[in-house]
Amino acid sequence: MTIAIPVDETKEALCVSFARAPFILFHHTEENTGEALPNPAAEAEGGAGIKAAQFILDGGADAVITIRCGQNAAEALQAAGVSIYQSQGDNAAENIAAFQEGKLPLMTSFHAGFHGIR
């Protein structure tokens with residue numbers, strides 16, 4: 001299973017912005033390995049949520065752990081069968097452990113998005 005997590009410049013802390021996170025951490029549970037890749041949506045002029053969601057889908061993610069998520073990105077991810085989980089705290093490794101222990105709830109509330117506002 002591959003888990004995608006939007007992270008900040010440290011590549012260890014979750015970024016409060018889903019779509020404009022500087023990196024997306026792809027964690028592979030079978031190998032217990034991860035790779036933080038630059039998020040191509042971070043500097044998008046518009047449609048960043050959809051672009052970030054597409055990047056995550058292209059990366060083969062089965063699940064996303066995030067602080068918050070916009071409605072458009074959520075719909076794209078969910079349409080592809082990707083589950084979105086609400087993070088607990090901002091440490092990526094701790095959230096991965098909590099996910100594997102079944103302690104993270106599915107995200108059920110999504111914001112309308114910022115539509116180009118930074």
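Just after helix α1, G60 takes a positive phi of about 80°. Helices (H or I, at least four residues) and strands (E, at least two) are DSSP runs, numbered from the N terminus. This is a predicted model, in which local features need pLDDT of at least 70 and side-chain atom pairs count only at pLDDT 80 or more, while totals for chains, interfaces and linings use all residues. Residues are numbered from 1 along each chain as its sequence is written, and side-chain values use heavy atoms, with hydrogens and water left out.

**Helix α1**

- Helix α1 spans residues 48-58, and its buried residues (under 20% relative accessible area, 1.4 Å probe, protein chains only; exposed is over 50%, partly exposed in between) are A48, A52, A53, F55 and I56.
- They lie on the same side of α1, because they cover an arc of only 160° around the axis, taken from the directions from the helix axis to the C-beta atoms.
- An α-helix has 3.6 residues a turn, so residues three or four places apart point the same way.
- The buried residues of α1 pack against β1 (2-7), β2, β3, β4 (63-66) and α2 (71-79), where contact means heavy atoms within 4.5 Å.

**The sheet**

- Five strands form an open sheet in the order β3-β2-β1-β4-β5, with mixed pairing; two strands pair if DSSP finds at least two bridges between them.
- At the edges stand β3 (33-38) and β5 (83-86), each with a single partner strand, so one side of each is left without a neighbour in the sheet.
- Strand β2 (residues 23-28) pairs with β3 in the antiparallel sense over six bridges.
- H28 has T33 in β3 as its bridge partner.

**The nonpolar cores**

- The largest nonpolar core (buried Ala, Val, Leu, Ile, Met, Phe, Trp, Tyr and Cys residues joined through side-chain atoms within 4.5 Å) has 22 residues.
- Those with the most contacts inside this core are A4, F18, I56, V64, C69, L77 and I84.
- Two or more residues come from each of β2, α1 and α2, and α1 gives the most, with five residues.
- Beyond its neighbours within four places in sequence, L77 is in contact with F18, A53, I56, L57, V64, V82 and I84.
- A second, separate core of 15 residues includes V7, F23, A63 and A92.

**A closer look at D8**

- D8 sits in the loop between β1 and β2 and is buried, with a relative accessible area of 18%.
- Not counting residues up to four places away in sequence, D8 touches A13, L14, C15, P22 and F23.
- D8 and A36 are 28 residues apart in sequence, and 9.8 Å apart in space from C-alpha to C-alpha.
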